[in-house]
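Thanks, everyone. I will put the model on the screen and go through a few contacts in the sheet and on the surface.

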Amino acid sequence: MLVLKQADKSMLGLFTIPHQLKRRVAPLFQQGLGQIRTATKRAGGTVRNNGSSPGKRLGIKKFSDEAVIPGNIIVRQRGTQFHPGQHVKIGRDHTIYAMVPGFVRFYSLPWRGGKPRRFVGVVLNRGERLPRDEETLGRSRYFGFINVARNAEAQPQMISCTR
């Protein structure tokens, strides 16, 4: 058992905190005499996607003068960097694909605002250029259409149905 002498008790009075300061100083003593705890590791935060998502495989799939068949994807893109030209269509995710067999052609035309707009089209022969001047060269394809001049000579026949 520890016994303190009178002299030791008087020394304890030197280290006691006065009543007025006790309220102000007490929080410092609770934290360890004003020490501030610092982190040993930097805060990392959270990361979305974490780099683990696979690439989307965007870009040009068929280059100029490459042969395509209907349904072949020519360009996969986000937004319309390339716009659909002759004999191609654009999907809802801006994928441009061929509608007819032929060869791929890339071309650009001046557009509003002065910046040229890039187009993709399909031609029948490898050496053709786009855009095609249909007034002088005529149409390159007649898929789904009839020749009106040839059928104008033939008179329509009346078909009668009797019971």
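Start at Phe82, which stands opposite Arg118 in β8. This is a predicted model, so please take the positions in that spirit. The two strands here, β4 and β8, the latter covering residues 116-123, pair in the parallel sense over 3 bridges.

Now the sheet around them. It is open and has 4 strands, in the order β2-β7-β8-β4, and the pairing is mixed. At the edges are β2 (67-68) and β4 (82-84), each of which pairs on one side only.

Back to Phe82, this time for its ring. Over the whole structure, a search finds 3 aromatic pairs. One of them is Phe82 with Phe106, in an edge-to-face arrangement, with 5.5 Å centre to centre and 70° between the planes. The planes count as edge-to-face because the angle is over 60 degrees. Phe82 sits in strand β4 and Phe106 in strand β7 (residues 102-110), so this pair, 24 residues apart, links distant parts of the chain.

Strand β7 brings us to charges. What do the side chains of Arg105 and Asp65 form? They meet in a salt bridge, at 3.5 Å from N to O. Arg105 lies in strand β7 while Asp65 is in the loop between β1 and β2, so the bridge ties together parts 40 residues apart in sequence. The search of the whole structure finds 3 salt bridges.

Last, the surface. Lys56, Arg57, Lys61 and Arg78 form a positive patch there. Of these residues, Lys56 is placed in the loop between α2 (19-30) and β1 (59-60).

Notes
Residues numbered from 1 in each chain as written. Predicted model: local features only at pLDDT ≥ 70, side-chain atom pairs only at ≥ 80, totals over all residues. Heavy atoms only, no water. Patch = residues over 30% accessible without salt bridge, like charges linked within 9 Å, V, L, I, M, F, W, Y side chains within 5 Å. Areas by Shrake-Rupley, 256 points an atom, 1.4 Å probe, with all protein chains shown as cover. Salt bridge = Lys/Arg side-chain N within 4 Å of Asp/Glu carboxyl O. Lys, Arg positive; Asp, Glu negative; His and termini not counted. Charge placed at Lys NZ, Arg CZ, Asp CG, Glu CD. Pairing = 2+ DSSP bridges. Phe/Tyr/Trp six-rings, centres within 6.5 Å; stacked < 30°, edge-to-face > 60°.
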